[in-house]
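Biologist: Before I rely on any label in this model, I would like to hear the reasoning behind each one. Could you take me through it step by step?

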Amino acid sequence: MALVFAVALSGPVAFAQDGGSVANATFTANIADGAPVDFRQQFTNSTPVVYFYGELLGLNGQTVTFLWSLEGKRMQETAVQVTSPRQPAWSKMNMREQWTGNWTVKILDGKGRTIEQRNFAFNPPL
């Protein structure tokens with residue numbers, strides 16, 4: 001499990017709540033030069049790592065949580081201390097071939113409220 005901070009990208013806010021939001025949220029197969037290399041909603045089950053990237057907005061001073069779930073089963077949590085008004089961050093999940101199905105990643109603010117939620121599919125090739 002790793003957490004890395006990246007260079008900010010501009011773009012619209014994808015999901016917002018009072019007290020903070022996330023912009024440019026996406027799944028990607030890798031991060032290069034602080035940015036996602038692609039924008040995906042599906043991965044084959046031979047993919048070794050899936051990243052979830054987003055810019056944390058208006059959450060300065062809070063600890064946010066990246067919560068990864070497979071078909072409703074909690075698989076991983078990553079806590080991030082937010083230290084700036086606009087803080088790019090990502091969480092990665094080391095995948096296993098048998099973990100096929102529909103995945104959800106939520107970002108929770110310091111009060112445990114969902115401020116972003118995205119889904120991706122992890123399945124064998126067609």
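Modeller: This is a predicted model, and we can start with Asn24, which is found in strand E3, residues 20–28.

Biologist: Why is Asn24 called buried?

Modeller: Buried means under 20% relative accessible area, and Asn24 has 18%, so Asn24 is buried.

Biologist: What makes the pair of Asn24 and Glu55 side chains a polar contact?

Modeller: The limit for a pair of N or O atoms is 3.5 Å; the side chains of Asn24 and Glu55 make their contact at 2.6 Å, and therefore satisfy that limit.

Biologist: How do you know that E3 and E7 pair?

Modeller: Pairing requires at least two bridges, and E3 and E7 have six, in the antiparallel sense, so they count as paired. In one of these, Thr28 has Tyr51 of E7 as its bridge partner. E7 is also joined to strand E10, residues 86–94, by nine bridges, again antiparallel, and there Tyr53 has Trp90 as its bridge partner.

Biologist: Why is E7 described as largely enclosed by the rest of the structure?

Modeller: Nine of the nine residues of E7, residues 49–57, are buried, so the description follows. Both faces are covered, with Val49, Tyr51, Tyr53, Glu55 and Leu57 buried on one side, and Val50, Phe52, Gly54 and Leu56 buried on the other.

Biologist: Which residues touch the most other members of the largest nonpolar core?

Modeller: Of its 24 residues, these are Phe52, Leu56, Trp68, Trp103, Ile107 and Phe120. The largest share of this core, four residues, comes from E8. Apart from it lies another core, of five residues, among them Val49, Tyr51, Tyr53 and Trp90.

Note on methods:
Residues are numbered from 1 along each chain as its sequence is written. This is a predicted model: local features need pLDDT of at least 70, side-chain atom pairs count only at pLDDT 80 or more; totals for chains, interfaces and linings use all residues. Side-chain values use heavy atoms; hydrogens and water are left out. Helices (H or I, at least four residues) and strands (E, at least two) are DSSP runs, numbered from the N terminus. Buried means under 20% relative accessible area, exposed over 50%, partly exposed in between (1.4 Å probe, protein chains only). A polar contact is a pair of N or O atoms within 3.5 Å; within protein, one must be able to donate a hydrogen and the other to accept it, and residues adjacent in sequence count only if both atoms are side-chain atoms. A nonpolar core is a set of buried Ala, Val, Leu, Ile, Met, Phe, Trp, Tyr and Cys residues joined through side-chain atoms within 4.5 Å.
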